[in-house]
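Q: Could you take a close look at one part of this model for me? I'd like to know what it touches, and how it sits in its surroundings.

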Amino acid sequence: MKKELIDLKKKRISNSSSIRRATRMWSPLFLGPVIIAFTIGFVWPFLWGIWLSLCQFQTTSDAQFVGLGNYIRTFQDASFRYAFGYTALFAVVSLVLINVLAFAVAYALTQGIKGSNLYRTVFFMPNLIGGIVLGYIWSMIFDGVLSRWSTSILMETKYGFWGLIILMCWQQIGYMMIIYIAGLQNVPGEMLEAARIDGATRWQTLFKVTIPNVMPSITICMFLSLTNGFKLFDQNLALTAGQPFIIQPGGTSIKTTEMLALNIFNTFNMASATAKGTAQAKAVIFFILVAAMGLAQLGYTRKKEVQQ
Amino acid sequence: MNKKALSAESRRKMVLSVVLAVICVIYVLPVAAVVINSFKLNTFVKTDTFALPFGDMWAGMSNFVTGMTFGNYPFLDSVKYSVIITILSTALILLCTSMAAWYIARVNSAFCKLVYFLCVFSMVVPFQMVMYTLSKTADTLRLNTPWTIPIVYLGFGAGLAIFMFVGFVKSIPLEIEEAAAIDGCGPLRTYFSVVLPMLKPTMISVGILEIMWVWNDYLLPSLVLNITKYRTIPIHIQYLKGSYGTVDLGATMALILLSIIPVIVFYLTCQKHIIAGVAAGAVKG
């Protein structure tokens, strides 16, 4: 009996390995297109980008190795440091607001209220509209409101900041809500029942039973909104494009609502001889920052999967 | 006692319903503002943004008419290019990455593991990192037309798609493919007539994520395409502001309305799949 089983297993293994061998012959067809496109669209530009961050160049053919000069220039660049601080502040404020509101909405929508599906549909809708279009819709609305005080969203940094926060809340709450609803629906009913029988109040149940159970969803949403905040570009460009700017004593200017991605983009378009190299160095630093957050998230979800 | 508790519960639900209804109205307002202002004369858009377009302000269809040629570029051309790019890219990504993912999951050689690792890695790389070099590479290889840019999208978007497909293929029992092989199917036939039909749910999720990404993408096509010739809708709308000193806001809103109508129709018809697809992409990526 046991021997038969082993024989069967052996047969199985040889079977699947012969299939594997047959499949391997087709690798150019199965793997080829993706490998070629992936090399053109990612691997080569990525490696070349790292090399160019160590060069001074105006076009791609006149690149000259200059070592870490671009990185030093990046850290000396006041506009980059400003953009970093502004982006970090934006990411944290939007993270807190989006997650608190999205959780509240998701919690309300899982209480068995009539019309929950309709609300869910409406709240998710802004996610389908692109960042550029969103930016112009909201810039019209903010200017419509601010024109009563004869000012505009481009006139003050705080208008631009809170304007972008409102825009991002409007867009992202529906997205995070979907993830929270999925988490809330997985909270075991018996646990809620037990809490109720033990006489826990609604708030006690929420904080002691529900929230610990949806902790994985909360972590994912926090990571997502943090990286979304850091990578934000389209909305930033369309809403304020960095305006208003202040002139520094040295004659350089700082765009006061410019976030990191837009700062890198604008640096690429500047005329000076060192601009493109500096922009590429900024891009590498930006990549390390965003990748660290992304890998932390990936590691966290992996760990969770293992535990389950 | 019981009755009292019940009425407290129903009162609580009433309050929640009202709050949600109010938020719902706030959510619809921006879209409503676009509709209102697309029928309003340009001079009133800034001063009377929230007024209904009656009386003096009524512009009829004039905003839509000016919008068609506004920005020195025909709007219908950008619609055409957006549709071409989105359909070609999504089809290419779905076909190529699902085949590659099946190969990676089943053969699982050292090289496959390397490709898979690079794909996962590419998901955390922001576009700014490769923005300049990618646009130069695409220029050199003449990938700067709507018919060739899907190759760029396949390259830069392969990561998430491969990640999602590999995850799904690993959950399919190997026995089905073994049975097909014993019945005399080659790898190609096994893939197309046995594996591909089973991939349908993931195909829909990945397809929706790619459609939403490509349709709304601004930066990649604006850097890769030759924008005097080819503009997608987001590029078109962004350049309305760039090309004019004072923008015709009425016409801009008319174009924005035209560009979000297909999106909303698409959303309302495949809402279930869209929400499921987006949730799948978020949790995994």
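The part I have in mind is helix 3 of chain A, so what does helix 3 of chain A meet in helix 7 of chain B, and at what angle do the two pack?

A: Sure, let's start with the setting and then zoom in. Keep in mind that this is a predicted model, with ipTM and pTM both given as 0.86. The partner chain, B, has an average pLDDT of 85, and 95% of its residues score at least 70.

Chain A has 14 helices and four strands. Its C-alpha atoms fill a box of roughly 85 × 60 × 30 Å along the principal axes. The radius of gyration of chain A is 26 Å, while a compact globule of 308 residues would come in near 19 Å. The chain splits into domain 1 (2-69) and domain 2 (72-307), and the C-alpha centres of these two domains of chain A are 33 Å apart.

Now for the helix itself. Helix 3 of chain A spans 32-52, and one of its jobs to look at is the contact inside its own chain. There, 11 residues of domain 1 of chain A are in contact with 10 residues of domain 2. On the domain 1 side, helix 3 and strand 1 (55-56) of chain A are the elements that give two or more residues, and helix 3 gives the most, with three. By class, that side of domain 1 has six nonpolar residues, five polar ones and no charged ones.

The other contact is with chain B. The whole chain-to-chain contact takes 74 residues from chain A and 75 from chain B. Helix 3 of chain A brings the largest share of the chain A side, at 15 residues. That chain A side is made up of 53 nonpolar, 15 polar and six charged residues.

Within this contact, helix 3 of chain A packs on helix 7 of chain B, residues 149-171, with the axes 7 Å apart and an angle of about 85°. That angle makes helix 3 of chain A roughly perpendicular to helix 7 of chain B. As for who meets whom, helix 3 of chain A puts in Val34(A), Ala37(A), Phe38(A), Ile40(A), Gly41(A) and Phe42(A). From helix 7 of chain B come Ile151(B), Val152(B), Leu154(B), Gly155(B), Phe156(B) and Ala158(B). Sorted by class, the residues of this helix-to-helix contact are 10 nonpolar, two polar and no charged.

So, in short: helix 3 of chain A gives the most to the domain 1 side that touches domain 2, and it also supplies the largest share of the chain A side that touches chain B.

Methods: Residues are numbered from 1 along each chain as its sequence is written. Chains are lettered from A and ligands numbered from 1 in the order in which they are written. This is a predicted model: local features need pLDDT of at least 70, side-chain atom pairs count only at pLDDT 80 or more; totals for chains, interfaces and linings use all residues. pLDDT is the predictor's confidence in each residue, from 0 to 100. Domain bounds come from an automatic or database domain assignment. Two residues are in contact if their C-beta atoms, placed from the backbone, lie within 7 Å. Ala, Val, Leu, Ile, Met, Phe, Trp, Tyr, Cys and Pro count as nonpolar, Asp, Glu, Lys and Arg as charged, and the others, Gly among them, as polar. Axes are lines fitted to C-alpha atoms, for helices over the stretch in contact, and angles run from 0 to 180 degrees between N-to-C directions. Angles under 35 degrees count as roughly parallel, over 145 as roughly antiparallel, 65 to 115 as roughly perpendicular and the rest as oblique. The radius of gyration is taken over C-alpha atoms; the globule rule is 2.2 Å times the number of residues to the power 0.38.
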